[in-house]
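Here are some exercises to work through with the model open in your viewer. Try each task before you read its solution.

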Amino acid sequence: MRFVRSEKLKLSEASRMQSKATVSKLGAVLLGKHVACDAYDEARPIRVVTHAHADHMVGLGKSLKNCEVTIMTPATKDMIDALKGPRFLSRGTVKTLDYGEAFTYEDETLTLHYADHILGTAQALVEDKEQTRILYTSDFRYSRTPLVKADILVMEATYGDPVRVRPFGMMAEGILVSLVEQGLKRGPVYVFGYHGKLQKMMQILYAAKIKAPFIVPEKICRVSKVCERHGMKLGRQLIPFDGEKAQSMLSQNEPCVVFYHSYSRKKVEGEALQIHASGWEFRKPCRKVGANKYVVALSDHSDFNELLEYVERCNPRMVITDKHRSEAANIFAREIEKRLKIPAKAAPV
Ligand SMILES: [Zn+2]
């Protein structure tokens with residue numbers, strides 16, 4: 001009898017824990033009773049934007065209209081202003097929260113914690129009145145992201161499949177530098193990536209003392225200036241792509257590095273070297289995909305081993321993997337249960 005009662009107790013404890021966090025069908029990461037991260041949820045008064053990537057700003061217009069408050073770090077606010085124009089966020093009540101600063105709503109407290117991903121990225125932690133710590137990691141690169149202790153852990157699962165590992169570590173950064181150096185001997189070099197990753201590449205090239213000017217389209221220029229304002233060292237003055245100076249450099253085939261967004265339809269003609277940054281490269285740090293075209297394995301996410309290591313060190317009582325943003329969430333949840341013996345499930349189901 002006693003055994004049955006304690007099993008029942010365990011079950012009700014588990015379901016109480018489960019009710020404290022999930023991911024909705026629309027992709028909102030729901031923490032505690034009041035917070036919805038990274039997508040709109042009509043029942044939640046507090047919206048958190050963990051960073052300025054599009055898949056984490058889902059339904060932001062609706063949140064601004066309907067939520068009591070929309071919370072983000074000051075750097076993420078500046079990034080969104082740069083990407084969407086300063087009037088976008090002024091439609092609602094926005095509160096910026098520094099890393100570690102507390103925001104209390106009724107009986108729950110929210111804090112944001114640093115995550116190494118793009119500028120401004122935060123892990124979101126909610127502590128409820130029972131002192132349960134409910135954490136959403138958001139996207140992060142493991143090596144420079146501080147661990148936050150939690151009872152319930154909601155994880156990103158982009159590379160949650162055990163085959164998604166990058167044994168070559170940081171080698172891709174050195175390869176990027178030497179490819180650019182080689183390409184500059186012939187003229188302009190074109191670099192493609194997402195917002196955040198482009199600025200990371202500028203930072204790497206600047207640190208490696210690449211002297212050639214950087215040419216950037218307007219939106220990338222705005223985002224880069226935000227990064228510089230928040231302390232990233234991107235080097236020299238950025239030259240606007242549409243300006244006379246850039247156009248004359250390009251027409252005369254002068255050495256320079258041109259940065260384009262991965263979605264850019266701009267065509268690169270002639271012999272110029274093209275380098276595409278991708279997180280989806282696992283076998284080699286660099287792959288030649290055309291006569292003058294390379295893919296370099298630069299990621300701003302943890303690989304499988306790093307995701308698992310975060311869970312192991314955090315040692316929560318349960319894990320939820322974000323299936324809205326990653327196909328690998330089911331696999332990752334299974335691997336966590338198998339390897340770490342921690343209850344885990346993917347959401348939304
Ligand atoms: Zn992201």
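The exercises below concern a predicted model, and each one comes with a worked solution.

**Exercise 1. The zinc site**

Find the residues that coordinate the zinc ion and classify the arrangement of the donor atoms.

*Solution.* Start with the donors: H51 through NE2, H53 through ND1, H117 through NE2 and D139 through OD coordinate the zinc ion, at 2.1 to 2.3 Å. Next, place them along the chain, where the spacing reads H-x1-H-x63-H-x21-D. Then check the burial of the histidine pair: both H51 and H53 are buried. Finally, look at the angles. The four donor atoms subtend angles of 91 to 166° around the zinc ion, so the arrangement is irregular. The tetrahedral class would need all angles to lie between 85 and 135 degrees. For reference, ideal angles at a metal are 109.5 degrees for four tetrahedral donors.

**Exercise 2. Packing of α8 and α9**

Describe how helix α8 and helix α9 pack, giving the angle and the distance between their axes.

*Solution.* First, locate the helices: α8 covers residues 304-314 and α9 covers residues 329-340. Their axes are 11 Å apart and the packing angle is about 55°. The two helices are therefore oblique to each other. As for handedness, the crossing of α8 and α9 is right-handed. The contact is made on the α8 side by F304, L307, L308, V311 and E312, and on the α9 side by F332, E335, I336, R339 and L340.

**Exercise 3. A closer look at F332**

Is F332 buried or exposed, and which residues does F332 touch beyond its sequence neighbours?

*Solution.* Begin with the location, which is helix α9. The relative accessibility of F332 is 0%, so this residue counts as buried. Now list the contacts, leaving out residues up to four places away in sequence: F332 touches M155, E156, A157, G160, F304, L307, L308, V311 and T321. Last, consider a long-range pair: P162 and F332 are 170 residues apart along the chain, and their C-alpha atoms are separated by 7.9 Å.

**Exercise 4. Packing of α5 and α6**

At what angle do the axes of α5 and α6 cross, and which residues meet there?

*Solution.* Helix α5 spans residues 197-207 and helix α6 spans residues 218-229. Their axes cross at roughly 65° and come within 10 Å. This crossing of α5 and α6 is right-handed. To finish, list the residues that meet: L198, Q199 and M202 in α5, and I220, V223, S224 and C227 in α6.

**Exercise 5. Two loop residues**

Place D116 and T158 in the chain and decide whether they are buried.

*Solution.* D116 sits in the loop between β8 and β9. With 7% relative accessibility, D116 counts as buried. Outside its sequence neighbours up to four places away, D116 touches F140, R141, R144, T145 and D300. T158 belongs to the loop between β11 and α4. Its relative accessibility is 17%, so T158 counts as buried, the cut-off being under 20%. T158 and A328 are 170 residues apart in sequence, with a C-alpha to C-alpha distance of 6.5 Å.

**Exercise 6. Backbone checks**

Look up the backbone angles of D38 and N315, then the peptide bond between A347 and P348.

*Solution.* D38 is not a glycine, although its phi is positive, at about 70°. D38 lies in the loop between β3 and β4 and is buried, with a relative accessible area of 0%. N315, in the loop between α8 and β19, also has a positive phi, near 50°. N315 is exposed, with a relative accessible area of 51%. Finally, A347 and P348 are joined by a cis peptide bond with omega about 0°.

Methods: Residues numbered from 1 in each chain as written. Predicted model: local features only at pLDDT ≥ 70, side-chain atom pairs only at ≥ 80, totals over all residues. Heavy atoms only, no water. Donors = N, O, S within 2.8 Å, 3.2 Å for Na, K, Ca; no water. Tetrahedral: all angles 85-135°; square planar, octahedral: opposite > 155°, others 65-115°. Buried < 20%, exposed > 50% of the residue type's maximum accessible area, 1.4 Å probe, protein only. Axes fitted to C-alpha atoms, helices over the stretch in contact; angles between N-to-C directions. Helix = DSSP H or I, 4+ residues; strand = E, 2+ residues; numbered from the N terminus. Parallel < 35°, antiparallel > 145°, perpendicular 65-115°, else oblique. Left-handed = near helix turned anticlockwise from the far one by under 90°. Contact = heavy atoms within 4.5 Å.
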